[in-house]
Structures are given as structure tokens and as C-alpha cells.
Protein chains: 2
Amino acid sequence: MSVTIKDVARMANVSVASVSRALNGHGGVTAETQKRIREVATRLRYVPHNAARSLITRRTQTIGALLPDLHGAFFSELIRGIDLAARSRGLYLLVSSSHGDATEAAIALRAMQGRVDGLLVMSPHADEAFLDENLPVVLPTVLINSHVRSERHASLDVDDFGGAHAMTEHLLGLGRKRIVFIAGPEVNHDVQERIRGYRDALAAAGLGERAAILQGDFTEESGYHAGKQALAMVPRPDAIFAANDMMAIGCLSALAEAKVRTPDDIAVAGFDDIPMARYVSPPLTTVRIRIAELGEAALQRLAAMIEAPDDAAPEPHVVSTEIVVRASCGGGDTVRRRA
Amino acid sequence: MSVTIKDVARMANVSVASVSRALNGHGGVTAETQKRIREVATRLRYVPHNAARSLITRRTQTIGALLPDLHGAFFSELIRGIDLAARSRGLYLLVSSSHGDATEAAIALRAMQGRVDGLLVMSPHADEAFLDENLPVVLPTVLINSHVRSERHASLDVDDFGGAHAMTEHLLGLGRKRIVFIAGPEVNHDVQERIRGYRDALAAAGLGERAAILQGDFTEESGYHAGKQALAMVPRPDAIFAANDMMAIGCLSALAEAKVRTPDDIAVAGFDDIPMARYVSPPLTTVRIRIAELGEAALQRLAAMIEAPDDAAPEPHVVSTEIVVRASCGGGDTVRRRA
DNA sequence: ACCTCCTATGAAAACGTTTACGTTCCGCGC
DNA sequence: GCGCGGAACGTAAACGTTTTCATAGGAGGT
């Protein structure tokens, strides 16, 4: 059995109340006894029991992160950003991921109850109804990339539309006229926004009727297949814009296999700027999302909500993207920042 | 204020004890009242308060992971493996990372107290003295890659020696005679083991005096510089074996820049098999660590310790590695499994 | 009809804290 | 000398559970 506050109190000849006060620096205790208590505490290696503490304090110094998955560079970066910001505030991170369906996600949500001071939620199941059903009213929550607009929760979204729009414009600016888009899973809201950005930019250039969308599912393989399909199109496109980097990379393989030159014959662009994007050949032009920043911003917002729960929720924050120009579309290595 | 077990008890006209029994399925409660209690509970959206529960139960259903950092593919995969195994056991994951020094790590360790049922520790500061000082005696703990042999903790290590040994043998088998090794940070125990494997294999081939080690620090940049140094050596090496993939990749750039052909002039091999390794050109021959498996195994071991705390600690588990042959050393794409 | 035993239930203790409220003691002003 | 206020400290309640123990009541055997 581990040593409790009572043991410390006994050894220091004081009451538990004084121990608590001394150790938490709440005052009302002589400098001398405080010193004595401190010494006894360290000698006994006393560590307060957090469950007991948070039972009465109603604070856990922990925030929960509900994620759909931990696969790939995206989540790795996201967690890193969250963890960084959490750590600087002395908060701990309870992660829960890979819930296939809404029921599992609901269970995970319940399990967080009483264990966290706030919640970061990024889940495909996290629509408004789900949250209403499963979230205690009082728990501060920040929605990441859910594209749910709710009075009750703060939210943080990536500027998918702006990023795709800018990339399409970039390709048009390079003189590409026949730009094919490789989409991701249909249910994915990010994908919808990226498609919208792509369409919108084409329309703005008076090329709205040229929009052509191939289906993909975010895997390298689907990108490869979409690449093959693009090659079979007549007239053949002069640029391919994939909804994420992995598909763009698959696409590059398809082109290389067909001896089509990139970017001379067909330019290729991706979305995400995963670490690998720099290293494929040719290096991939892509839309960078500052993922770690996204995580940091989300945690910062959450921390603010926890500090001052009654503040009006500020308007949804949108995380900007930027275009990273590499060889796969022609042009040198540069980064253009978007507001 | 959220709804407690008392509210449920009142609404169902039973005592809190019965509610507890009914909801936890402990029996001793009529099927009929159990049903009534269940209904009231869901109607009120009752969720047990975990802090209170674990205060009395002394179980938190949570395991803590103490990691040095969250950067890069390695930790991403490790967490994924841990999370996967944890989830299948209904355990949650409290992560704590990026502690620069031992003091920070100690603070993190204390903060876990009373919040976790067991600990997964992978930290450069986690030597025996540190653990003795900061770890409560009773907390089940699994050390990952710490290369600390202790009676008190289980440990799990990657077979760095075997991997490096096998890769060196592989290169020798391809007829390479002058193999240079690029090392990582000196303090890193994995690096020491990899060096040992390299030296040992050379010695076994009667080429012990040919061992040549260049300094690196695991970054791509350091690999690039080491590559330059290798090119300047006379006689020029015919193979470079880097202690991790990122350095190998940096090395590839240096060779490409110098118009040296890979693998014809100089073969290059890495360690880790990060996802990127497949995509660089030429694709990198490397030693694969099944990182996710490492995480899973660690969690499994920990779970076993939590279930049966008094079992004798089984002997340290070593996670095997395998050689992944890609173009950077010549030869086709194959994977050779090592025991 | 009575004793026994078992089952459903409730009362209350316990877990380890924090904190509101008392109590004691001392110094000080009248 | 006496009351008063404040500082230091102790007592005990409270947080929301689980679990032990007691109790009541009913079934079943004699």
C-alpha cells in the first residue's frame, strides 16, 4: 500500500489539513512547519493520489483526444502539436483512437467522463446529433475538422477549400488547362471542400466545364489506378491534382510506369505535405497543412475554454494552408504562404 | 452538476448499492429491478464518475506511456501499436512525452501516480537509478528499449545487434568489402548495439580492421555530411550502412549530387524501414523493425503484469528485425525474416 | 408450525484528498 | 483585566463510487 497524506501527517505531527495546505502552498501554515512537512513528504516519497484529488477538486489536469485513427503522418503530427501545447500548460493527454463505428466512439467518450477537463474531438462520427447524445453538457469541447457548426462547441477547421482553390489557380497559372482531380472517400468532408475549391477555381477561370473528377480512397493504390485512368483519357490531361499526397505518389508511379514525363507531360500535385512528399521523385508540389499548428491551436482554444468556461465561444478558427512548389509541377522549391 | 449514482437510486426507488450492482452486473439483484435501474440510468444519461470509481477500486483502466518525444515515424508507429493493443483490452492511454531532462521526466512520472495501472517507459533518462528514485515500488512497468536489466521491471528490446549484424553480412554477401558505418548520437544505446553488430559481422568475415565509423546524429543533414566524408575517403568505400533511414536518405542525396551511382558505385543501407524508405530513389535497403508490434508486445506484457502482479518476470523479450532488400544495394524487392 | 438457509436489498464504511468551519492561543487596545 | 481579532492548526464533511455487513422476507424441509 502506498503512502498517503495521513502517513505524512502522522510523521510530521500535524493534521492532514496542514499537510495539504503546506504542500499546495495555500498559506495559513508557519514557514517552519511547512518546511518540516515538506521534508517528511519527500522522505516518505509521498505523492498525492490523483484520483482522490480530482474527485474533490473536479480538475484532472488532463484533456482527452478522440481520434479516428492513429495511422499515418497526419495524426502523428497532430498529436505532437497537441502534446506540445498541453505539456507547456502542465496538462496531460488521454488519447483514444481507432473506433470503427459510432458505438465504439460513444463508449470511448463515456470512458473519458470524470477523467478529463476537456475534450478534443476529431471523428467522422462526431456529427451534431452524436455529440448531443453522448457529450455531457458541461464538458468543454473543441471539434477539429468536423465542419460542424454548433453553438455548444468550439471548432477548428483546415482551409481545405482555400488550399485546393489556390493549388488549382497555381496549376492554371503554369498554363495547365486540363486538370483532373482525384477525390478521396465521399463521406469525408475535407474531400468535399477540396473538390469545391478545385471546381470553384476552374469556374473562375472560365474552365468550369473542364472539371473532371476521378474516384480514390486516399490510398497510394487508388492513386495509382486513378493515374492509369487519367492516362487513358482523351484528350489527355496535362495536370493531376490529388486530394492527398499518398494518392499523388501512387499517381507518380503510374506515370513513371507509362514513361510519361513529370512535370513535362503531366504535372502532379498533392495535398497535405507529408514528410515523404519532399523525397519522392520528382519531389511533390503540394498544399501544406500545418498540422502540428492545428493541434496546438486546438489545445490552446480548449485550455481557454477550461479556464473561462462562460466566455462566449469565439468564431470558428480556420487554419490556413500554403502551397509548396516542388519539381512535380515545374518550378523550383518555394513556399507561398496563404492568409 | 452532473448526475450521480444517487440520482439514479432515488429515481429508481432503490439504494445506491443496488444501482452499483445492477450496472456492473454483479448479481444479487432481480432481473426486474435490474432492468428498471438500467432504464432509469440511460434515461438520466448517467455515467459513472471515473475518479471516484478508481479511488475505491484502485483500478483506472489506463496505462501511461512515457516517451522521449513524439517526433517522426517511429513514435507514431509505436503509439499506434500500443493503442491498438490497449483498445482491444479496454484500456486507455495516457501519454506524456517531450521531457528534455530527467527532472521533467520525474515530474511526468509523479503526475501519473494514481492515474494509471501500469507504465510503459521509453526514455533516455530511464536508467536504473532514475527508476528506483521515481517509481512507486508497486506499479507494473515495462521498459522499452532501455537496455536496462532489472529484477523489478520487465523489458523489451529491439534486436539492434542482430539487425546490424545481418545487414552487414548481407552487404558482404553482395561482394562489398569496404563498408562504412554512419553512427547516431553516442549516448543512444541502440546505436551502440548497431555498431557492435556491424563490427562483429566484419570481424567474423576477417575484415575487422576495415571497420570505419563516421559520426552522425540521426538527422538527414548529418547523413548528407557523412556521405560527403565517405566520398572523400581513400580508398573509397563501396557501401555505406547508416544507423537509421533518415541519415541513409541524406547520404543518397550526397551521392546523387556527386554523380556517384547507387548501388553500382556505392551501395547504401539504412535502419528502421520508415515508410519513406520505399519511396526514395533508389528505394532503400534497410533493416525493418516492426515497431507497431513492439508497442503491442509491450502493452501485452504490461497487461499480463497487471492481471497477475506476482508472476515472476519472464526473461526480457527481444523484438526481431528483418532485412528489406530494395534497389539501393542491388537486388530485387524481398523481405528476409530473421528469428 | 418452526427452523434454516438463501436471496434481494439497504445502511454504512472506505478510498485519499480538499476545504469550510471551529478551536486555541497570543497580542493588543481599551 | 478583559474582550477582541487574527493567525495557526485541527475536525469533519464532502466528492462519487464499491463493497462489506446486516436485515428482512420467502421458500423449503422437517
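This report walks through how two protein chains meet two DNA strands, then looks at some helix pairs and unusual backbone spots.

A word on ground rules: this is a predicted model, in which local features need pLDDT of at least 70, side-chain atom pairs count only at pLDDT 80 or more, and totals for chains, interfaces and linings use all residues. Residues are numbered from 1 along each chain as its sequence is written, chains are lettered from A and ligands numbered from 1 in the order in which they are written, and side-chain values use heavy atoms, with hydrogens and water left out.

**DNA strand D**

Let's start with strand D. There are 29 residues around DNA strand D, and the closest are A:Ser15, A:Ser18, A:Thr30, B:Ile5 and B:Ser20; a residue counts as near a strand if one of its heavy atoms lies within 4 Å of it. Of the atoms of DNA strand D within 4 Å of the protein, 65% are sugar or phosphate, and the rest belong to bases. Some polar contacts (pairs of N or O atoms within 3.5 Å; within protein, one must be able to donate a hydrogen and the other to accept it, and residues adjacent in sequence count only if both atoms are side-chain atoms) are in the table further down. Helices H2 (16–24) and H4 (50–57) of chain A, along with H2 (16–24) and H4 (50–57) of chain B, are the elements that give two or more residues to the surface near DNA strand D. Here helices (H or I, at least four residues) and strands (E, at least two) are DSSP runs, numbered from the N terminus. H4(B) provides the largest share of that surface near DNA strand D, with five residues. By class, the surface near DNA strand D splits into 13 nonpolar, 12 polar and four charged residues; Ala, Val, Leu, Ile, Met, Phe, Trp, Tyr, Cys and Pro count as nonpolar, Asp, Glu, Lys and Arg as charged, and the others, Gly among them, as polar.

**DNA strand C**

Now for strand C. DNA strand C has 29 residues around it, with A:Ile5, A:Ser20, B:Ser15, B:Arg21 and B:Arg58 coming nearest. Sugar and phosphate make up 67% of the atoms of DNA strand C that come within 4 Å of the protein.

| Residue and atom | DNA partner | Distance |
|---|---|---|
| A:Ser15, polar backbone atom | strand D, phosphate oxygen | 2.7 Å |
| A:Arg21, polar side-chain atom | strand D, base nitrogen | 2.9 Å |
| B:Ser20, side-chain N or O | strand D, phosphate oxygen | 2.7 Å |
| A:Asn24, side-chain N or O | strand C, phosphate oxygen | 3.1 Å |
| B:Ser15, backbone N or O | strand C, phosphate oxygen | 2.7 Å |
| B:Arg58, side-chain N or O | strand C, phosphate oxygen | 2.8 Å |

The elements giving two or more residues to the surface near DNA strand C are H2 and H4 of chain A plus H2 and H4 of chain B. For DNA strand C, the largest share of the surface, five residues, is from H4(A). The surface near DNA strand C holds 13 nonpolar, 12 polar and four charged residues.

**Helix pairs in chain B**

On to packing. Helices H10 (residues 220–232) and H11 (residues 245–257) of chain B pack at about 45°, with axes 6 Å apart. That angle makes H10(B) oblique to H11(B). For reference, axes are lines fitted to C-alpha atoms, for helices over the stretch in contact, and angles run from 0 to 180 degrees between N-to-C directions. Angles under 35 degrees count as roughly parallel, over 145 as roughly antiparallel, 65 to 115 as roughly perpendicular and the rest as oblique.

Helices H5 (residues 72–88) and H12 (residues 291–307) of chain B pack at about 40°, and their axes are 7 Å apart. H5(B) and H12(B) are therefore oblique to each other. Residues in this contact (heavy atoms within 4.5 Å) include B:Phe74, B:Leu78 and B:Gly81 of H5(B), and B:Ile291, B:Leu294 and B:Leu299 of H12(B). The contact of H5(B) with H12(B) has 10 nonpolar, two polar and three charged residues.

**Backbone oddities**

Finally, the backbone. A:Thr262 and A:Pro263 are joined by a cis peptide bond, with omega about 5°, and A:Pro263 sits in the loop between helix H11 (245–257) and strand S9 (267–272) of chain A. In chain B, a cis peptide bond links B:Ser281 and B:Pro282, with omega about -5°. B:Pro282 is in the loop between strands S9 (267–272) and S10 (285–289) of chain B. B:Arg45, a residue other than glycine, has a positive phi near 60° and lies in the loop between helix H3 (31–44) and H4 of chain B.
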